[in-house]
Amino acid sequence: METYLGAVLDVLPVMVWTAQPGGSVDFVNRCWSEYTGLRLDEARDRTWQAAINPDDLARLLERWRLILASGEAGEMEARIRRFDGQYRWFVFQCSPMRDDLQRVSKWFVVGTDVDDFRRSEEIHWKRAEEALQISKNNLGLIINTFPVMAWSAGPDGSAEYFNQQYLNYVGLSLGEQRDWDWTAAMSEYWDLTVAIHPDDVNILAATWRAILASGQSGEAEARLRRYDGKYRWFLFRVNPLLDAAGSVVKWYGTCTDFDDQKRAEEALRESERNFKLTIDTIPALAWTARPDGSVEFINQHYLDYLGLSAENAQGWGWTSAVHPDDQETLKATWQAIIASGKQGESEARLRRFDGEFRWFLFRVSPLLDASGNILSWYGVNADIDDRKRAETNLASEKHLLEMIVSGSPLRDVLGALCRMVEELAPDCFCDVHPMNWSDQTIEYSVSSTLPKTYTDLIAGLSVRGDDLPCAVAARQKVQVVTEDFETDSRWQVSDLRTHALQHGLRSVWSTPICAKDGRVLGTFCVYQRSPATPSAHHQNLIAHASHIASIAIERSRTEAALKRSETLLAEGQRLSATGTFSWRVDTDEITFSEELHNIFEFDAGTAITLELFRTRVHPEDMSLVAAQLDRVRAGHDYSGYEIRLMMPDNRVKYLRTFGQVICHQDGRLECLAAVQDVTASRLADEALGKARSELVHVARITSLGALTASIAHEVNQPLSGIITNAGTCLRMLAADPPNMDGARETARRTIRDGNRAADVIKRLRALFSKRTTVRPVDLNAAVREVIELLWSDLQANRVVLRTAFADNLPFVSGDRVQLQQVIMNLLRNATDAMGDVGDRPRRLLVSTELDEDDHVRLSVQDAGVGFRTEDLGRLFDAFYTTKSDGMGIGLFVSRSIIENHSGRLWASSSDGAGATFSFSVPTYSMDQAPAQNIDAARTSLSALPNGLAETL
């Protein structure tokens with residue numbers, strides 16, 4: 001009963017709380033908790049006082065104490081704090097509940113929000129309070145003793161007295177109470193049809209007359225109009241005052257406002273009516289069952305769905321609507337739930353009134369008493385048929401997508417798609433026609449149920465004409481609906497019409513299957529054996545199936561093209577010995593192509609890391625690789641470079657790399673590069689270079705031999721003549737007598753041959769000491785041209801070149817080509833000097849600077865083997881060399897060229913390893929006269945024999 005009462009009080013839209021006879025609060029309803037934000041356990045005893053305005057608390061407690069002391073109903077006012085901290089005025093109607101001995105067993109207090117009314121009537125209340133205060137002063141103990149609407153009447157029932165609370169409530173003054181027949185329709189002072197609700201006057205008068213006749217206590221209910229015109233329900237209670245003889249001397253009565261209780265009772269009854277109406281109205285199949293599981297109640301919606309009456313559905317009658325295949329499972333689940341005593345659920349198909357079965361989810365929960373015993377079961381059945389179908393569709397679509405992703409054959413995927421559509425639309429058949437636009441034909445036809453005798457004829461049909469529905473749909477990119485092949489005039493001459501009718505197909509709906517870019521990939525066709533047009537359900541299925549078909553066809557063709565592209569790429573990489581890799585800079589994730597695995601000689605599938613990559617890099621190239629990695633990490637462009645690999649068997653591979661750095665939208669950097677194995681070409685180039693060098697060396701030796709032989713021959717003739725003539729002259733002088741004339745002639749011939757030898761030497765010197773035309777030369781630009789010319793050789797020899805050119809360097813005087821020959825010779829010598837260096841970088845520094853005496857200096861500093869101190873004086877001698885394959889001509893000629901430019905060439909040992917060769921030439925001035933033309937030297941060559949002239 002307490003639980004039921006609490007539930008009733010919780011639904012009331014007013015504050016209700018109850019207290020023990022001593023005044024301690026033992027219950028607050030939901031309205032109280034939601035307003036104050038306090039739970040029941042927070043409102044027990046005195047804790048509820050925290051919600052009272054501190055200014056009102058003492059007065060409220062005093063008033064509450066007086067009400068408790070009186071044991072009668074009373075009224076209190078106070079401001080109550082709402083959950084958001086705002087205070088609002090409330091009037092509390094306090095009513096006692098009595099036991100059989102008329103002792104107070106519980107107090108019921110109803111709180112009414114009067115804040116708005118109080119504020120609007122503030123002036124009125126103030127005046128009323130002032131009047132009440134005056135009345136209180138006059139009535140004194142009576143008002144303080146009777147905090148309820150009290151009155152008295154004579155033995156005949158005529159009213160004698162009304163307390164001020166009564167008068168204030170009905171709006172009477174003290175003078176108007178006398179002889180007031182409050183049950184009469186009219187009186188001298190008051191129209192009772194206004195005070196008592198007209199519908200209650202007769203009932204109240206009849207009850208009052210019955211009480212007077214009985215001479216005993218009694219009570220009645222009626223609505224009494226308040227001074228503001230509002231009617232509220234009151235409980236009229238009256239007790240007789242008897243004399244010693246038992247005769248009634250006076251009647252004493254009270255009127256207790258129980259309007260809130262009355263309304264709560266009516267609300268409860270209304271709630272019960274609404275509950276049943278709600279249960280019958282909600283769009284769910286609701287029911288209750290006894291503890292043993294037999295159905296006790298089924299709502300109207302459930303009955304309407306089953307098409308059964310309440311009598312036929314109660315007990316176990318409702319099970320007749322369960323699908324036969326589901327009855328055993330549902331029965332077992334229901335029995336298991338009953339045995340467990342806990343909530344549960346199950347799924348089963350229920351037959352609708354029209355005979356169609358649909359899936360429902362049965363959910364049930366027990367209602368327990370205080371001891372945990374089951375009082376009843378409450379259940380609801382939710383229609384999940386659409387969800388079950390959606391789950392089936394989702395499972396089918398998932399299977400299709402898995403087939404697509406796993407690379408299943410396209411025919412299998414399209415066949416599974418047709419099967420899914422036919423399961424969702426049992427009255428339909430379907431097939432898919434991928435298109436081959438290269439020859440404008442249907443590539444093939446796929447179906448799960450249509451016979452091959454039908455689909456085989458479709459394959460290869462042309463889509464150029466207008467005699468096929470699917471051809472029109474594909475070309476025009478629109479759905480073509482043929483309701484009836486039999487009567488549709490568009491296909492009267494079509495072979496497909498006859499073919500379809502022979503297989504019992506009357507209607508076909510052809511829908512183009514389009515890719516994202518609008519290309520038509522094929523058509524999706526749905527057939528029925530009777531004339532028909534697609535419904536909304538069919539259209540949804542067709543749209544969905546066409547979309548899946550487009551994904552499958554496009555992916556299949558893309559994968560085929562990708563596989564072909566990958567095959568071509570892999571074959572191209574293999575033929576060109578070129579691999580590719582990607583490097584995600586933020587994660588150091590590296591991906592090698594198959595060919596790059598082969599180049600690095602890693603096993604296929606080996607996870608590539610930077611550490612593993614470095615194990616293959618040649619030790620001398622580690623610094624170069626580290627620098628390139630740092631450039632990429634810094635976000636700079638990828639610069640192509642060459643590195644060497646040192647294989648486990650000490651073989652060396654030469655690689656050339658080129659690529660780019662990509663910055664993704666999220667800021668991540670990725671390096672994409674191609675790596676080509678140029679070992680074969682590099683070895684071939686080295687072999688070719690070596691052969692060329694050896695050939696040049698042989699040519700030089702041959703030329704030098706020819707030159708030497710020519711010089712020896714030309715000089716030997718005059719020398720032989722001199723010796724012969726000298727001998728002849730001596731013999732002539734030794735004759736007796738001396739042959740003076742012959743001796744003189746012989747001496748003249750000796751002088752002639754000496755002059756001839758001198759002319760040969762003079763002309764050779766003129767050839768090697770030829771003067772050039774003076775020109776202004778930009779030495780920095782000349783050096784850059786030479787470096788560009790030798791760049792490939794420098795790279796091939798892994799020379800690390802650095803330049804330090806002086807700014808604003810003046811021009812020098814000389815021949816640009818001859819100066820570049822000197823620079824080239826110095827650079828080649830420096831490169832050769834570092835050829836055997838393997839323990840340090842092969843650094844080469846070329847610098848220019850302003851020298852003393854208006855000269856400009858160029859220096860070439862290498863990190864090679866250097867030279868011995870004792871060799872310094874012979875470095876520039878002709879035919880002296882420190883190289884095994886050298887001729888000793890380069891530095892000799894270079895010094896001659898520099899000296900002819902009025903400069904000097906010298907060598908010095910560098911700090912540490914290597915040597916420095918420098919030359920200094922004068923700057924150019926406008927007043928310099930042109931030097932002797934080279935033609936003068938060439939003229940001297942004309943006097944030499946042809947063989948020597950050609951060699952030189």
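In the predicted model, Q102 counts as exposed because its relative accessibility is 54%, above the 50% cut-off. The backbone of Q102 adopts a positive phi of about 65 degrees, although the residue is not a glycine. Q102 is placed in the loop between strand 4 and strand 5. A second case is N808, a residue other than glycine with phi near 55 degrees. N808 lies in the loop between strand 28 (799-804) and strand 29 (812-814). With a relative accessibility of 78%, N808 likewise counts as exposed. Most residues other than glycine have a negative phi, and most peptide bonds are trans. With regard to the peptide bond, a cis linkage joins D736 and P737, with omega about 0 degrees. P737 belongs to the loop between helix 24 (679-734) and helix 25 (740-768).

The loop that holds Q102 joins strand 4 to strand 5, and both strands belong to an open sheet of 5 strands with the order 2-1-5-4-3 and antiparallel pairing. The edges of this sheet are formed by strand 2 (25-28) and strand 3 (74-81), each of which pairs on one side only. On average, neighbouring strands of the sheet are turned by 25 degrees against each other, direction ignored. Strand 1 (residues 15-19) pairs with strand 2 in the antiparallel sense over 3 bridges; V28 in strand 2 is the bridge partner of W17. Helix 4 (residues 54-70) packs on the sheet and touches strand 1, strand 3, strand 4 (87-98) and strand 5 (104-113). The direction of helix 4 makes about 155 degrees with that of strand 3.

Key
Residues numbered from 1 in each chain as written. Predicted model: local features only at pLDDT ≥ 70, side-chain atom pairs only at ≥ 80, totals over all residues. Heavy atoms only, no water. Pairing = 2+ DSSP bridges. Helix = DSSP H or I, 4+ residues; strand = E, 2+ residues; numbered from the N terminus. Axes fitted to C-alpha atoms, helices over the stretch in contact; angles between N-to-C directions. Contact = heavy atoms within 4.5 Å. Buried < 20%, exposed > 50% of the residue type's maximum accessible area, 1.4 Å probe, protein only.
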